[in-house]
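Visitor: I would like to go through this model with you and ask, at each step, what a given term rests on.

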Amino acid sequence: MSRSIGLWPAVAAMAATCAIGLAIGVQEFGRADDAAFGKRVRSYILSHPQIVREAAQKMRIDPIRQAIETPYPGAWAGNPKGDVTMVVFTDYNCPYCRATTPEIDRLLTNDPRLRVVWREMPVLGPGSDAAAAAALATARQGKYYALHRALFAGGHPDEAGIAAAAKAAGIVPALLIAAGKAPDVQAEIQTNLLLGRQLGVEGTPFFVIGNQVFEGAISYDGLVAAIADVRNDAQ
């Protein structure tokens with residue numbers, strides 16, 4: 001897992017700074033010279049540094065928001081008409097994803113207005129690929145969430161681990177092999193990898209909640225706060 005946000009967010013941050021300056025400039029146009037205007041922009045940004053990050057993240061997410069929030073059929077849980085959608089890029093070999101899974105379960109239990117969309121992004125080896133394909137293969141059957149939880153509750157997602165998780169979720173393991181190779185399943189994995197690159201994802205789990213992104217393990221309280229921010233912004 002990496003904490004780096006990469007080049008694209010940095011570029012977006014510079015663009016956001018320019019946008020803030022332009023917005024202030026429209027209001028101040030004709031009322032001050034360039035030096036005074038620049039001083040005001042700098043002072044405002046230094047006093048409100050969070051707005052640069054918020055603007056950069058919004059620019060990062062908005063162009064592909066619909067794509068990332070539209071789940072592969074069945075690869076979601078919670079309220080289908082939820083007022084907040086939390087997107088989680090995940091890998092079954094990732095210990096941080098495993099550690100965060102109970103927190104997401106708790107959220108789904110306690111927040112009836114939340115929808116969670118999972119995007120399988122296998123980046124940690126062949127076991128990750130096979131487990132991601134197996135999970136997606138069960139999605140159209142309405143058993144994605146059951147296998148998702150079973151895979152994280154089990155051991156290493158090798159062939160034996162996937163078979164054990166399938167049995168725990170009430171699925172015949174042999175049926176997952178052919179289904180996981182289906183073109184739509186493989187296309188979904190490639191789509192998720194592309195979306196991850198567009199977002200600058202460098203590690204899992206990776207959360208998108210409104211205009212906020214979080215990489216790595218995050219606490220239940222942290223997720224609750226991020227969801228509350230989205231709801232507050234909508235008011």
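Visitor: How do you know that S1 and S3 are paired, and in which sense do they run?

Guide: Strand S1 (residues 76-78) is joined to S3 by three bridges, and the two run antiparallel. Strands count as paired if DSSP finds at least two bridges between them, so three bridges are enough for S1 and S3. One of the partners is Ala77, which is bridged to Val116 in S3. The names come from DSSP runs, helices being H or I of at least four residues and strands E of at least two, numbered from the N terminus.

Visitor: Before we go on, what kind of model is this, and how are its residues numbered?

Guide: It is a predicted model, in which local features need pLDDT of at least 70 and side-chain atom pairs count only at pLDDT 80 or more, while totals for chains, interfaces and linings use all residues. Residues are numbered from 1 along each chain as its sequence is written, and side-chain values use heavy atoms, with hydrogens and water left out.

Visitor: Which strands pair with S2, and in what sense?

Guide: Strand S2 (residues 84-90) pairs with S3 in the parallel sense over seven bridges, whereas four bridges join S2 to S4 in the antiparallel sense. Met86 has a bridge partner in each of these strands, namely Val116 in S3 and Ile209 in S4. Val87 of S2, in turn, stands opposite Val117 in S3.

Visitor: What makes the unit of S2, H5 and S3 right-handed?

Guide: S2, H5 and S3 make a β-α-β unit that is right-handed, a word used if, with the strands pointing away from the viewer, the path from the first strand over the helix to the second runs clockwise.

Visitor: Why is S2 called largely enclosed?

Guide: Seven of the seven residues of S2 are buried, so the strand is largely enclosed by the rest of the structure. Buried means under 20% relative accessible area, against over 50% for exposed and partly exposed in between, with a 1.4 Å probe and protein chains only. In a regular strand the side chains alternate between the two faces of the sheet. In S2, Val84, Met86, Val88 and Thr90 point one way and Thr85, Val87 and Phe89 the other, and all are buried. S3 likewise has seven of its seven residues buried, with Leu114, Val116, Trp118 and Glu120 on one side and Arg115, Val117 and Arg119 on the other.

Visitor: Why is Asp111 classed as buried or exposed, and what does it touch?

Guide: Asp111, in the loop between helix H5 (95-110) and S3, has a relative accessible area of 12%, which is under 20%, and therefore it is classed as buried. Not counting residues up to four places away in sequence, Asp111 touches Ile227 and Arg231, where a contact means heavy atoms within 4.5 Å. The side chains of Asp111 and Arg231 are also joined by a polar contact of 3.0 Å; that term requires a pair of N or O atoms within 3.5 Å, one able to donate a hydrogen and the other to accept it, and residues adjacent in sequence count only if both atoms are side-chain atoms.

Visitor: How do you know that the length of H6 agrees with its number of residues?

Guide: The expected span is 1.5 Å times one less than the number of residues, so the 14 residues of helix H6 (residues 126-139) should span 20 Å, and the end C-alpha atoms are indeed 20 Å apart. Eleven of the 14 residues of H6 are buried, and their cover includes S3, helix H7 (144-153) and helix H10 (183-199).
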